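Student: I've got a structure open and I'd like to learn how to read its features. Could you walk me through it?

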Amino acid sequence: MPSCSQVREELVQCMQKSPCMEKYGYPIKKCFEKEYQIYVPEECQAIRKAYSSCKRTLVRNSKLLSIV
């Protein structure tokens with residue numbers, strides 16, 4: 001079964017290096033909130049979108065498989 005674990009790991013690593021976590025010490029969950037996005041690099045935001053897309057695809061595929 002496919003997994004999003006590799007993309008998730010990339011996201012975690014990117015976020016840990018971001019100013020939001022590294023410089024300001026905010027937890028990753030808080031860094032995902034809209035008002036803290038200014039402290040998150042575009043690269044991390046793009047990886048987050050890729051991770052969300054991956055998760056949606058897995059959910060969609062599992063729903064399709066349960067119909068069959």
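**One glutamine, then the disulfides**

Tutor: Sure, let's start with a single residue: with a relative accessibility of 21%, Gln37 counts as partly exposed. Keep in mind that this is a predicted model.

Student: Where does Gln37 sit?

Tutor: Look in the loop that runs between helix H3 (28-31) and helix H4 (42-67).

Student: Which residues is Gln37 in contact with, leaving aside its neighbours within four places in sequence?

Tutor: Cys31, Phe32, Gln45 and Arg48. You can also check a C-alpha distance: Gln37 and Cys20 are 17 residues apart along the chain, and their C-alpha atoms are separated by 8.1 Å.

Student: What about confidence: what is the mean pLDDT of the protein?

Tutor: The mean is 92, and 91% of the residues reach 70 or more. Going by element, H4 has the lowest mean pLDDT, at 88, while helix H2 (residues 19-22) has the highest, at 98.

Student: Now the cysteines. What is a disulfide, in general?

Tutor: It's a covalent bond between the sulfur atoms of two cysteines. In this structure, a search of the whole model turns up three disulfides.

Student: How do the disulfides pair up along the chain?

Tutor: Count the bonded cysteines along the chain and you get the pattern 1-6, 2-5, 3-4. Take Cys4 and Cys54, joined with an S to S distance of 1.9 Å. Cys4 is in the segment before helix H1 (5-17) and Cys54 is in helix H4, so this pair ties together parts that are 50 residues apart in sequence.

Student: How do I read the handedness of that link between Cys4 and Cys54?

Tutor: Use the torsion about the S-S bond: for Cys4 and Cys54 it is about -95°, so the disulfide is left-handed.

Student: Are Cys4 and Cys54 buried or exposed?

Tutor: The cut-off for buried is under 20% relative accessible area. Cys4 has 5%, so it is buried, and Cys54 counts as buried at 18%.

Student: And what does Cys14 join?

Tutor: Cys14 is bonded to Cys44, S to S 2.0 Å. Cys14 belongs to helix H1 and Cys44 to helix H4, so the link ties together parts 30 residues apart in sequence. Cys14 is buried at 11%, and Cys44 is buried at 0%.

Student: Which cysteine is joined to Cys20?

Tutor: That's Cys31, with S to S 2.1 Å. Cys20 lies in helix H2 and Cys31 in helix H3, so the pair ties together parts that are eleven residues apart in sequence. The link of Cys20 and Cys31 is left-handed, with -100° about the S-S bond, and both Cys20 and Cys31 are buried.

Key. Residues are numbered from 1 along each chain as its sequence is written. This is a predicted model: local features need pLDDT of at least 70, side-chain atom pairs count only at pLDDT 80 or more; totals for chains, interfaces and linings use all residues. Side-chain values use heavy atoms; hydrogens and water are left out. Helices (H or I, at least four residues) and strands (E, at least two) are DSSP runs, numbered from the N terminus. Buried means under 20% relative accessible area, exposed over 50%, partly exposed in between (1.4 Å probe, protein chains only). Contact means heavy atoms within 4.5 Å. pLDDT is the predictor's confidence in each residue, from 0 to 100. A disulfide is a pair of cysteine sulfur atoms within 2.5 Å.
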